[in-house]
Amino acid sequence: MTPEEIKQKGTKVYTKPELLNDTPMHYCPGCSHGVVHKLVAEVIKEMGMEDNAIGVAPVGCAVFAYSYIDIDWIEAAHGRAPAVATGAKRLNTDALVFTYQGDGDLAAIGTAETIHAANRGENIAIIFINNAIYGMTGGQMAPTTLEGQKTATTPYGRRVDLNGYPLKISNLLAQLDGTCYVTRQAVHNPAAVRKAKAAIRQAFENSLKGLGTSVVEVVSTCNSGWKMTPAKANEWMVDNMFPAYPLGDLKNTVEK
């Protein structure tokens, strides 16, 4: 059926998630954040948790997440989202509490908060956007930047002898007794989007069941920081990011 035929028949093929506000998003065209926001909004609505969900926004590209999804939000200091979420969940035990963080927020300045919250098994969900770069502040090297990857602060490529190895923090979190679910997903095509949505749903359900900390890493693009078109960034991600950060479950103690 052509778009014109769909229009004539009045067939609805897509509905904007009810919890997404009308505020125009500030993300660059091709950014993965918008897709993940849509999934978060859909899952919360489908679970009927829109009046009892608390999101903790990061410092970074997603700092304005509270403007886009119509739930209660707390803005955390840079990297402190898991600590803030800990307090929110302990005071609101029946609430769905989650953080939404980039790799710089979660795996650099927030490494301690992330690891210790997960090690305690706090009943929160962590959504972790890994695009291997600091997108908001100018494209500097992040903890997850690949070996040899060029950034504003590694113009000749990341050197292991100088900068260390890329930090696979989800692998570290999977080793902690407090985590019940650690998975790595992507949103670069429809099949991946469906899997990512299912992962977010499971992480949220784990939080409500009090099973421990769940982590959903989403391997993502930053076409502006990578200096690529959105299409080329997707190709580069598949060819370079996926081998370093393979998709799939790293830990799942609550498989259905």
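**Exercise 1. Cysteines**

How many disulfides does the structure hold, and what is the state of Cys28 and Cys222?

*Solution.*
Step 1. The count of disulfides in this predicted model is 0.
Step 2. Take Cys28. Cys28 is in no disulfide, and the nearest cysteine sulfur, in Cys31, lies 6.5 Å away. Cys28 is partly exposed, at 40% relative accessible area.
Step 3. Take Cys222. The closest cysteine sulfur belongs to Cys61, at 6.0 Å. A disulfide needs two cysteine sulfur atoms within 2.5 Å. Cys222 is therefore too far from Cys61 for a bond.
Step 4. Check exposure. Cys222 has 9% relative accessibility and counts as buried.

**Exercise 2. Asn223**

Locate Asn223. Is Asn223 buried or exposed? Which residues does Asn223 contact, leaving aside its neighbours within four places in sequence?

*Solution.*
Step 1. Asn223 sits in helix H9.
Step 2. Its relative accessible area is 7%. The cut-off for buried is under 20%, so Asn223 is buried.
Step 3. The Asn223 side chain reaches the backbone oxygen of Pro29 at 3.0 Å.
Step 4. Beyond four places in sequence, the contacts of Asn223 are Pro29, Gly30, Cys31, Met228, Thr229, Pro230 and Ala233.

**Exercise 3. Helix H10**

Describe the span, the kink and the packing of H10.

*Solution.*
Step 1. H10 covers residues 230–244, which is 15 residues. From first C-alpha to last, H10 reaches 20 Å, close to the expected 21 Å.
Step 2. H10 has a kink of about 35°, centred on Met237.
Step 3. Met237 is buried, as are Ala233, Met241, Phe242 and Ala244.
Step 4. The buried residues of H10 pack against strands E4, E5 and E6 and helix H9.

Technical notes: Residues are numbered from 1 along each chain as its sequence is written. This is a predicted model: local features need pLDDT of at least 70, side-chain atom pairs count only at pLDDT 80 or more; totals for chains, interfaces and linings use all residues. Side-chain values use heavy atoms; hydrogens and water are left out. Helices (H or I, at least four residues) and strands (E, at least two) are DSSP runs, numbered from the N terminus. The expected span of a helix is 1.5 Å times one less than its number of residues. The bend at a residue is the angle between axes fitted to the seven residues ending there and the seven starting there. Buried means under 20% relative accessible area, exposed over 50%, partly exposed in between (1.4 Å probe, protein chains only). Contact means heavy atoms within 4.5 Å. A polar contact is a pair of N or O atoms within 3.5 Å; within protein, one must be able to donate a hydrogen and the other to accept it, and residues adjacent in sequence count only if both atoms are side-chain atoms.
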